[in-house]
Amino acid sequence: MKTQVGIIGAGPAGLMLALLLHREGIDCVVLEARDREYVQERVRAGLLEQNTVDLLRDLDVAERLDREGLEHNGIYLRYNGHNHYVDMAGLTGRHVTIYGQQEVVKDVTQALLDRGVPVLFEVSDVALHDIETDHPRITYVYGGQTTELTCDAIAGCDGFHGVSRATIGEHLTEYDYIYEFGWLGILAEARPATDELIYAWHADGFALYTMRSQEISRMYLQVDTDDDIANWPDDRIWSELGTRLGDVNEGPIFDKGITPMRSFVAEPMQHGRLFLAGDSAHIVPPTGAKGLNLAVNDVRLLAPALTGLIRDGNAERARGYTAAALRRVWRAQDFSNYMTQMLHELASGPFQRRLQLARLEYVAHSEAAARSLAENYVGLPAEPEF
């Protein structure tokens, strides 16, 4: 089999890249290890920057998002028992939209299939070959048959544990930071008790109040990274959420789990004809809500780079892909770390807590500080491609 771009992974990065390439007339095939139901139902991020929403609309896949997404204009920072509003729309002229990552995946997957782009689920034994040549190959097993796919380029969008980054590991420098805490997240059938997200500093640890719809609340608690979810029956979760967040609406919890937190960047994001995008190249802690949005920005840059390389025979954008993508990646890493360090219990004593409160007070009472937080949170305007 032959195609122009082989895409490994049917998460937001791989699917959006396929849609962008299809629009430019570039043939591609998407290969995914998991089954379609798993990919479309796994709970992940739920906050879209305006850049991401604008791109989904531009690709004509935002009909359901426009109908069901919740447009938000700011956030509350909560400390010492009081909420302080940061008017992000007023400060930046931009807003964010609450719409689950799994919903984006559903919409884009269906659009690709409707447009005739192959998306193959339950693919196994994926291996990459000849990536330093002009015709790299992917071998894999699909439907019990071993297949070889010859490409002009390969996009590795298969996440942190995927095969793509491992294939070129010896050519990469990896920057990794592991946080000493994690997030216990829940989904509950409970109408949100807030009109905007609440980011809460508390002596017992961070908490976040968000939502997925007008009927479903999504909430998080800071916990030890090695804690066991069995230690958190529903009554304890609701009690701790009330302590850290104030008033919450309770309801049946239908999903809960503990997620570790880390920061990670691999450089460069390419070698030969293999290009990395999304979680295969970088991970951010969720405090800044940047993971999905960074993946979308990667492929916004990668699609024209591959189009120029394959259709036009111009490798300039392809050579510049890493430098272009990493500008926003490291900006997002810095912002995500800033939010994490400001809001979480760091086990470093009362001096650090007083510094955190001073920072929160500064954001609450300084327009300049609030504007800096706001423009990073809603997402800086999309830069020129290169």
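**View 1. F264 is a buried ring in an edge-to-face pair with F160.** F264 has a relative accessible area of 2% in this predicted model. F264 belongs to strand β17, residues 253-267. Its partner F160 sits in the loop between β12 (153-156) and α7 (163-167). The ring centres of F160 and F264 are 5.0 Å apart. Their planes meet at 85°. F160 is buried too, with a relative accessible area of 18%. The pair links distant parts of the chain, 104 residues apart.

**View 2. F275 and Y321 pair between a strand and a helix.** The two ring centres lie 6.2 Å apart. The planes stand at 70°, so this pair is edge-to-face. F275 comes from strand β19, residues 274-276. Y321 comes from helix α11, residues 321-343. The pair therefore ties together parts that are 46 residues apart in sequence. Both F275 and Y321 are buried.

**View 3. Five aromatic residues form one cluster.** The members are W183, Y199, F206, Y220 and Y377. Two of these residues are W183 and F206; the tyrosines are Y199, Y220 and Y377. Across the whole structure, the search finds eleven aromatic pairs.

**View 4. The charged end of R34 sits over the ring of Y38.** The distance from this charged end to the centre of the Y38 ring is 4.3 Å.

**View 5. R236 lies over the face of W232.** Here the distance to the ring centre is 3.6 Å.

**View 6. C28 is a buried cysteine without a disulfide partner.** The closest cysteine sulfur to that of C28 is in C151. These two sulfurs are 10 Å apart, which is too far for a bond, because a disulfide needs sulfur atoms within 2.5 Å. C28 has a relative accessible area of 5%. The disulfide count for the model is zero.

**View 7. C157 is in no disulfide.** For C157, the nearest cysteine sulfur is that of C28. The sulfur of C28 is 10 Å away. C157 counts as buried, at 7% relative accessibility.

Methods. Residues are numbered from 1 along each chain as its sequence is written. This is a predicted model: local features need pLDDT of at least 70, side-chain atom pairs count only at pLDDT 80 or more; totals for chains, interfaces and linings use all residues. Side-chain values use heavy atoms; hydrogens and water are left out. Buried means under 20% relative accessible area, exposed over 50%, partly exposed in between (1.4 Å probe, protein chains only). Rings of Phe, Tyr and Trp (its six-membered ring) pair if their centres lie within 6.5 Å; planes under 30 degrees apart count as stacked, over 60 as edge-to-face and the rest as tilted. Helices (H or I, at least four residues) and strands (E, at least two) are DSSP runs, numbered from the N terminus. A charge sits over a ring if NZ of Lys or CZ of Arg is within 6 Å of the ring centre and within 35 degrees of the ring normal.
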